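Please open the structure in a viewer and keep the sequence panel visible beside it. The tour below proceeds by selection, with a short account of what is found at each stop.

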Amino acid sequence: MNCVRATLFLLTIFICFGHFSVSAFEFQVGGTKDWVVPPTNDSKIYNDWASGNRFLVGDTIRFKYKKDSVMEVTEEEFKKCNSTRPNFFSNTGNTVYLFDHAGSFYFISGASGHCQRGQRMIVKVMSLEESPSRDRRSSGSRAAVFSVFVQFVVSYVACLLF
């Protein structure tokens, strides 16, 4: 009988943690496209990509690029496509940026002329409280809870049989 109680207790704990867990997502900037100067006829590619996603505090975005850089700048610097003192700068070729607060984030390329040709993006980040839907997270969370549930049912049956 102790085996049954222990299994049910652990099952309850894992289900509770499953309901409260929220995992952050990492987004690849541009989807399958790298951080590059967009084609002349598609200069809004990055803003279109960003507006098609829901970003929450704790999420990250990954910029992949060659012989370029990425800067997080103020709205004014974004509009001018120029910054001498960015809030963030990286030229590693594989940059991960963490959204640590809600609000608008402005990204531009640091390579000369790239921003003017469309290599820039505005990302709007919501807090968890502002998010009207948490579907992208809850489906994964439900799957994880279901998986744990199945594991405990199997453990419970094994305890009874052996």
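The stops below go from the whole chain to individual side chains.

**Stop 1: the whole chain**

Begin with a cartoon of the entire protein, bearing in mind that this is a predicted model. Four helices and eight strands should be visible. Traced from the N terminus, the elements follow the order α-β-α-β-β-β-α-β-β-β-β-α.

Now switch to a surface representation. The protein exposes about 10200 Å², and carbon and sulfur atoms supply 57% of that area. Of its 162 residues, 33% count as buried. Among contacts with a separation of 6 or more, 73% are between residues 24 or more positions apart.

**Stop 2: strands 1 and 3**

Select Glu 26 and Arg 62 and display their side chains. The two meet in a salt bridge, with 2.8 Å from N to O. This pair links distant parts of the chain, since Glu 26 belongs to strand 1 (residues 26-28) and Arg 62 to strand 3, 36 residues apart. Is Glu 26 buried, exposed or partly exposed? Its relative accessibility is 44%, so Glu 26 counts as partly exposed.

**Stop 3: the loop after strand 3**

Follow the chain onward from strand 3 (60-64) and select Lys 67, in the loop that leads to strand 4 (70-73). Although Lys 67 is not a glycine, its phi is positive, at about 50°. Most residues other than glycine have a negative phi. Lys 67 counts as exposed, with 87% relative accessibility.

**Stop 4: helix 3**

Select residues 75-80, which make up helix 3. How many salt bridges does a search of the whole structure find? The search finds three, and two pairs can be examined here.

- Glu 75 and Lys 79: the closest N and O atoms of this salt bridge are 3.6 Å apart. The two residues are four positions apart in helix 3, so about one helical turn separates them. Glu 75 is partly exposed, with a relative accessible area of 40%, whereas Lys 79 is exposed at 60%.
- Glu 76 and Lys 80: here the closest N and O atoms of the salt bridge are 3.2 Å apart. This pair also lies in helix 3, with four residues and about one turn of the helix between partners. Glu 76 is exposed, with a relative accessible area of 53%, and Lys 80 counts as exposed at 55%.

While in this region, add Phe 78 and Arg 120 to the selection. Arg 120 lies over the face of the Phe 78 ring, 4.7 Å from the ring centre.

**Stop 5: the disulfide**

Move to Cys 81, in the loop between helix 3 and strand 5 (88-90). Cys 81 has a positive phi of about 55° although it is not a glycine. In contrast to the exposed Lys 67, Cys 81 is buried, with a relative accessible area of 14%.

Which residue is joined to Cys 81 by a disulfide? The partner is Cys 115, and the S to S distance is 2.1 Å. Cys 115 lies in the loop between strand 7 (103-109) and strand 8 (120-126), so the disulfide ties together parts that are 34 residues apart in sequence. The torsion about the S-S bond is about -70°, and the disulfide is therefore left-handed. Cys 115 is buried, as is Cys 81. A search of the whole structure finds one disulfide.

**Stop 6: the aromatic side chains**

Finally, display the aromatic rings. A search of the whole structure finds 14 aromatic pairs. One of them is formed by Phe 99 and Phe 105, which are edge-to-face, with 4.8 Å from centre to centre and 65° between the planes. The angle exceeds the 60 degrees above which a pair counts as edge-to-face. Phe 99 is buried, with a relative accessible area of 0%, and Phe 105 is buried at 1%.

Extend the selection to the cluster that contains this pair. Phe 25, Phe 27, Trp 35, Tyr 46, Trp 49, Phe 55, Phe 63, Phe 88, Tyr 97, Phe 99, Phe 105 and Phe 107 form one aromatic cluster. Colouring these residues together allows the cluster to be viewed as a single group.

Note on methods. Residues are numbered from 1 along each chain as its sequence is written. This is a predicted model: local features need pLDDT of at least 70, side-chain atom pairs count only at pLDDT 80 or more; totals for chains, interfaces and linings use all residues. Side-chain values use heavy atoms; hydrogens and water are left out. Buried means under 20% relative accessible area, exposed over 50%, partly exposed in between (1.4 Å probe, protein chains only). Contact means heavy atoms within 4.5 Å. Accessible areas come from the Shrake-Rupley method with a 1.4 Å probe; for residues, only the protein chains shown count as cover. A salt bridge is a side-chain nitrogen of Lys or Arg within 4 Å of a carboxyl oxygen of Asp or Glu. A disulfide is a pair of cysteine sulfur atoms within 2.5 Å. Rings of Phe, Tyr and Trp (its six-membered ring) pair if their centres lie within 6.5 Å; planes under 30 degrees apart count as stacked, over 60 as edge-to-face and the rest as tilted. A charge sits over a ring if NZ of Lys or CZ of Arg is within 6 Å of the ring centre and within 35 degrees of the ring normal.
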